[in-house]
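Visitor: I'm new to reading protein structures. Could you walk me through one, feature by feature?

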Amino acid sequence: MIDVELRDWHPDDIGVVLDAFSSPDMAQQSAWPVDTRRAALEWMGTWRFRDDARAFAVVAGGEVVGNVAVSNIDAHDTGWVSYWTSPHARGRGVAVAAVRRLADWAFAERGLFRLELGHRTDNTASCAVAARAGFKVEGVERGKLRYGDVRHDVERHARLATD
């Protein structure tokens with residue numbers, strides 16, 4: 001397993017964020033286009049001011065190669081996990097290592113009990129990350145996401161602090 005570190009996002013990470021969001025599969029991973037320096041700074045900044053969320057830059061080999069986050073933390077000590085890696089860093093176990101580290105942090109430091117995540121059923125790579133990071137399949141949410149005119153089913157996974 002590759003070793004990763006999690007750290008806060010820094011303004012000098014703009015290039016990494018812009019590069020990541022320029023990938024076609026990342027185009028819909030933000031509520032707004034992340035295609036300018038200002039948009040990248042705003043994307044990084046939104047994570048700093050939320051009480052219900054925390055995002056980390058994923059560092060492997062001294063290079064920022066992705067993002068991992070827990071958001072929508074609720075009164076039931078449950079949070080929603082999301083992750084992405086830069087295209088050149090994929091296929092090396094970076095996302096799995098980062099999600100495992102995030103889960104350790106969320107359970108130990110944030111005191112969460114349950115972490116959830118979901119992926120389109122046609123996203124086999126994301127499914128593999130979830131499974132290898134210890135998240136168990138809980139079911140399929142039919143027609144949950146809509147991109148353009150196409151609806152997608154989402155497979156939900158979860159991991160408990162006691163797993």
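Guide: Happy to. Let's begin with handedness: a crossover is called right-handed if, with the strands pointing away from you, the path from the first strand over the helix to the second runs clockwise. Keep in mind that this model is predicted.

Visitor: Which elements here make a right-handed β-α-β unit?

Guide: Follow the chain from strand β4 through helix α3 to strand β5: together they make that right-handed unit. β4 covers residues 78-85, α3 covers residues 94-108, and β5 covers residues 114-120.

Visitor: How do β4 and β5 run, parallel or antiparallel?

Guide: They run parallel, with 3 bridges joining them. For one matched pair, look at W80, which stands opposite E116 in β5.

Visitor: And what about β4 and β3?

Guide: That pairing is antiparallel, over 6 bridges, with β3 spanning residues 63-71. V68 has Y83 in β4 as its bridge partner. The two strands form a hairpin with 6 residues between them, and N72 there takes a positive phi near 50 degrees.

Visitor: What is the strand order of the whole sheet?

Guide: Read across the sheet, not along the chain. There are 7 strands in an open sheet with mixed pairing, in the order β1-β2-β3-β4-β5-β7-β6. At the edges sit β1 (5-7) and β6 (136-147), each of which pairs on one side only. Ignoring direction, neighbouring strands are turned by 30 degrees against each other on average.

Visitor: How many bridges hold β6 and β7 together?

Guide: There are 8, in the antiparallel sense, and β7 takes in residues 150-160. One pair to find is V137, standing opposite H157 in β7.

Visitor: Where does α3 lie relative to the strands?

Guide: α3 lies across β1, β2 (54-60), β3, β4, β5 and β7, and runs at about 45 degrees to β3.

Visitor: Now the inside. How do I think about a core?

Guide: In soluble globular proteins, nonpolar side chains tend to be buried together. Here the largest nonpolar core has 29 residues, and the ones with the most contacts inside it are V68, V81, Y83, V99, L115 and F135. Two or more residues come from each of β2, β3, β4, α3, β5 and α4 (124-132). The biggest giver is α3, with 11 residues.

Visitor: What is F135 in contact with, beyond its sequence neighbours?

Guide: Leaving aside neighbours within four places in sequence, the contacts of F135 include V81, V99, L115, A130 and H157. There is also a second, separate core of 18 residues, and W9, V34, V64 and W84 are among them.

Visitor: Is there a rule for how side chains point along a strand?

Guide: Yes: in a regular strand they alternate between the two faces of the sheet. As for cover, β4 is mostly covered here, with 6 of its 8 residues buried.

Visitor: Why does S86 count as buried?

Guide: Buried means under 20% relative accessible area. S86 is at 1%, so S86 counts as buried. You'll find S86 in the loop between β4 and α3. Beyond four places in sequence, S86 is in contact with V16, A20, V65 and G66.

Visitor: What about H152, buried or exposed?

Guide: Buried, because its relative accessible area is 18% and the cut-off is under 20%. H152 belongs to strand β7. Leaving aside neighbours within four places in sequence, H152 touches residues including R120, D122, E141 and Y147.

Visitor: Let's finish with charges. How many salt bridges are there?

Guide: The count comes to 13. Start with R7 and D13, whose closest N and O atoms are 2.9 Å apart. R7 is partly exposed, with a relative accessible area of 23%, whereas D13, at 4%, counts as buried.

Visitor: Which residue forms a salt bridge with E116?

Guide: R114 does, with the closest N and O atoms 2.8 Å apart. Both E116 and R114 are buried. You can set that beside D122 and R120, whose side chains meet in a salt bridge at 2.9 Å, N to O. D122 is partly exposed at 49%, and R120 is partly exposed at 26%. Finally, salt bridges that share partners join R114, E116, E138, E141, K144 and R156 into one network.

Key. Residues are numbered from 1 along each chain as its sequence is written. This is a predicted model: local features need pLDDT of at least 70, side-chain atom pairs count only at pLDDT 80 or more; totals for chains, interfaces and linings use all residues. Side-chain values use heavy atoms; hydrogens and water are left out. Buried means under 20% relative accessible area, exposed over 50%, partly exposed in between (1.4 Å probe, protein chains only). Helices (H or I, at least four residues) and strands (E, at least two) are DSSP runs, numbered from the N terminus. Two strands pair if DSSP finds at least two bridges between them. Axes are lines fitted to C-alpha atoms, for helices over the stretch in contact, and angles run from 0 to 180 degrees between N-to-C directions. Contact means heavy atoms within 4.5 Å. A nonpolar core is a set of buried Ala, Val, Leu, Ile, Met, Phe, Trp, Tyr and Cys residues joined through side-chain atoms within 4.5 Å. A salt bridge is a side-chain nitrogen of Lys or Arg within 4 Å of a carboxyl oxygen of Asp or Glu.
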